[in-house]
Amino acid sequence: MRRMDTPAVCHAGVPEQLVRYANELAMLTMSDHPELLEAGERAAEQARLSATTLARPRPDMLIAAARLHGVGHLPDVMKTGFAPVDGAVYLLGLGWPDPVVSLVGRQLQARMVARYLGAGPQLSLIARIQGWPADILDFSILTTGVGGVRTVSQGLDALRRQQEADKRIPLRVQDQRLARLSRAGRRVDEALTAA
């Protein structure tokens, strides 16, 4: 696999070991997929900024989950075809901590659509994380991408287009998922603005 330079995402106040492991795994697995590598780098930096600005505990877990959130898109990792669950199962098999596995597996309200995409049984084995950790990860994924930083609305529009292309997800469920993600994004955005 081709190696690419990756910016450091470790900064003062963030335990470095877990983040370093996430960076190493990303480089090992995604170096042939620069779009995934770049999306993970940007999401990890956004998670770091958000978690440290909001003084959330264990920012290393959020940074690692953001860095690896796209691992389920890799052809060798894909089993069910639903990337969040496939990524979580892969990380679970490698012995990653439960919070990282849970955040990756349940990113972007994955639980709402997993059963329609054939991954419900696998997701039911992954613990659910709610509140600020899930909100910050979702915000980090929504507001970053290969093209750079974007607004929550732009991230939701991209997810909306992706969902509409998959006819297995009922429109009602798509709308509910986007509404929940919009609220989560707004909570984090407002908290960051207030900080």
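Which side chain meets that of Asp135 in a salt bridge? In this predicted model, the partner turns out to be Arg187, with N and O sitting 2.8 Å apart. This pair ties together distant parts of the chain, since Asp135 belongs to helix H7 (residues 132-142) and Arg187 to helix H9 (residues 171-194), with the two positions 52 residues apart in sequence. The two ends of the bridge are covered to unlike degrees. Asp135 has a relative accessibility of 9%, and because the cut-off for buried is under 20%, Asp135 falls on the buried side. Arg187, at 40%, is partly exposed.

Asp135 has plenty of buried company in its own helix. Nine of the eleven residues of H7 are buried, so the helix is mostly covered. Besides Asp135, the buried set takes in Ala134, Ile136, Leu137, Asp138, Phe139, Ser140, Ile141 and Leu142. What do these buried residues pack against? The list is helix H2 (34-53), helix H3 (59-67), helix H5 (98-105), helix H8 (152-164) and H9. H9 thus comes up twice for H7: as a packing partner of its buried residues, and as the helix holding Arg187, the salt-bridge partner of Asp135.

The Asp135 pair is not alone, as the count of salt bridges comes to eight. Another of them joins Asp60 and Arg58, whose side chains come to 2.6 Å, N to O. Here, too, the acid is the covered end: Asp60 is buried, at just 2% relative accessibility, while Arg58 is partly exposed, with a relative accessible area of 46%. A further bridge runs between Arg168 and Asp166, with 2.7 Å between the closest N and O atoms. Is Asp166 buried or exposed? At 18% relative accessibility, Asp166 counts as buried, because the line is drawn at under 20%. Arg168 is partly exposed, at 48%; the cut-off for exposed is over 50%. In each of these bridges, then, a buried Asp (Asp135, Asp60 or Asp166) is matched with a partly exposed Arg (Arg187, Arg58 or Arg168).

Charge across the whole protein can be put in numbers as well. There are 24 positive and 20 negative side chains, and the centres of the two sets are 7 Å apart.

Away from the salt bridges, a glycine pair also brings together separate stretches of sequence. Gly81 and Gly118 are 37 residues apart along the chain, yet their C-alpha atoms are 8.0 Å apart in space. Gly81 sits in the loop that connects H3 to helix H4 (83-93), and it is partly exposed, with a relative accessibility of 46%.

As for the overall fold, the protein has nine helices and zero strands, so the order of elements from the N terminus reads α-α-α-α-α-α-α-α-α. The radius of gyration is 15 Å, close to the 16 Å that the globule rule gives for 195 residues, so the protein is as compact as a globular protein of that length. The C-alpha trace spans about 45 × 40 × 30 Å along its principal axes. Half of the chain is tucked away, with 50% of the 195 residues counting as buried. Among contacts with a separation of 6 or more, 69% come from residues 24 or more positions apart. The surface left exposed is about 9,400 Å², of which carbon and sulfur atoms supply 53%.

Terms used. Residues are numbered from 1 along each chain as its sequence is written. This is a predicted model: local features need pLDDT of at least 70, side-chain atom pairs count only at pLDDT 80 or more; totals for chains, interfaces and linings use all residues. Side-chain values use heavy atoms; hydrogens and water are left out. A salt bridge is a side-chain nitrogen of Lys or Arg within 4 Å of a carboxyl oxygen of Asp or Glu. Buried means under 20% relative accessible area, exposed over 50%, partly exposed in between (1.4 Å probe, protein chains only). Helices (H or I, at least four residues) and strands (E, at least two) are DSSP runs, numbered from the N terminus. Contact means heavy atoms within 4.5 Å. The radius of gyration is taken over C-alpha atoms; the globule rule is 2.2 Å times the number of residues to the power 0.38. Accessible areas come from the Shrake-Rupley method with a 1.4 Å probe; for residues, only the protein chains shown count as cover. Lys and Arg count as positive and Asp and Glu as negative; His and the chain ends are not counted. The place of a charge is taken as NZ of Lys, CZ of Arg, CG of Asp or CD of Glu.
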